[in-house]
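Thanks for making the time this morning. I would like to walk you through one model, beginning with a strand and its neighbours and then moving outwards.

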Amino acid sequence: MNKDRDFLQVALQEAEEALRENTYPVGAVIVDEDQNIIATGRNRVHSDHDATAHAEMDAIRNAGSSIFKAKIERKTYTIYTTLEPCLMCTGGILFANIKRVVWLLNDSEGFGGYKKISAAGIFERKFREVDVQEEPYDDLKMKQLELMRQWESNPNHVVHLRNTYKKGG
């Protein structure tokens, strides 16, 4: 049984729910060292009208006091997400003292936080492990890509919104 795969599937379920709620399909899940799910989260930017409501931040918020207890109890957490965390989420992950980050897809749009700060070595110093999932998860990656393609036709997609605002709608 591959636990990483199992938790990435939970994150994908959150991404699917985000798409059903008419927002960009990204999901996340936080797990403790005993493989217990501490919290889940999904992108809620459009549904909550909150630019900071990214999946990773939602999961961290939903983890609540567990994040602080983990530091005191010296527990380690892993966050699984369907897309490379952006700079904001990367900062949130660092401040939440999460020790391992696993994501399915690199952010091809260039918002990914890891790529932007990787030269500084912050991840390597702060986290025990950073995983970009490879071969065994091609089917999960394809599912995330399909969710992103579905978003492209969504009327709430940023491109559609920009066109609406330009037209005065």
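**A strand covered on both sides**

Let me begin with strand β1, where both faces are covered: Gly27, Val29 and Val31 on one side, and Ala28, Ile30 and Asp32 on the other, are all buried. By buried I mean under 20% relative accessible area, with exposed being over 50% and partly exposed in between, using a 1.4 Å probe and protein chains only. Put as a count, 6 of the 6 residues of β1 are buried.

Before going on, I should say that this is a predicted model, in which local features need pLDDT of at least 70 and side-chain atom pairs count only at pLDDT 80 or more, while totals for chains, interfaces and linings use all residues. Residues are numbered from 1 along each chain as its sequence is written, and side-chain values use heavy atoms, with hydrogens and water left out.

Which strands pair with β1? Strand β1, residues 27-32, pairs with strand β2, residues 37-42, in the antiparallel sense over 5 bridges, and β1 and β3 also run antiparallel, again joined by 5 bridges. Here two strands pair if DSSP finds at least two bridges between them, and the elements themselves are DSSP runs, numbered from the N terminus, with helices being H or I of at least four residues and strands E of at least two.

On the β2 side, Gly27 stands opposite Arg42 and Ile30 stands opposite Ala39, whereas on the β3 side Ala28 stands opposite Thr81. β1 and β2 form a hairpin with 4 residues between them, and Gln35 in that turn has a positive phi of about 70°.

Strand β3 brings me to the aromatic residues, since a search of the whole structure finds 1 aromatic pair. That pair is Phe7 with Tyr80, 5.3 Å centre to centre with 40° between the planes, and is classed as tilted. Because Phe7 lies in helix α1, residues 3-20, and Tyr80 in strand β3, residues 77-83, the pair ties together parts that are 73 residues apart in sequence. The rule is that rings of Phe, Tyr and Trp (its six-membered ring) pair if their centres lie within 6.5 Å, with planes under 30 degrees apart counted as stacked, over 60 as edge-to-face and the rest as tilted. Phe7 counts as buried at 6% relative accessibility, and Tyr80 is buried as well, at 2%.
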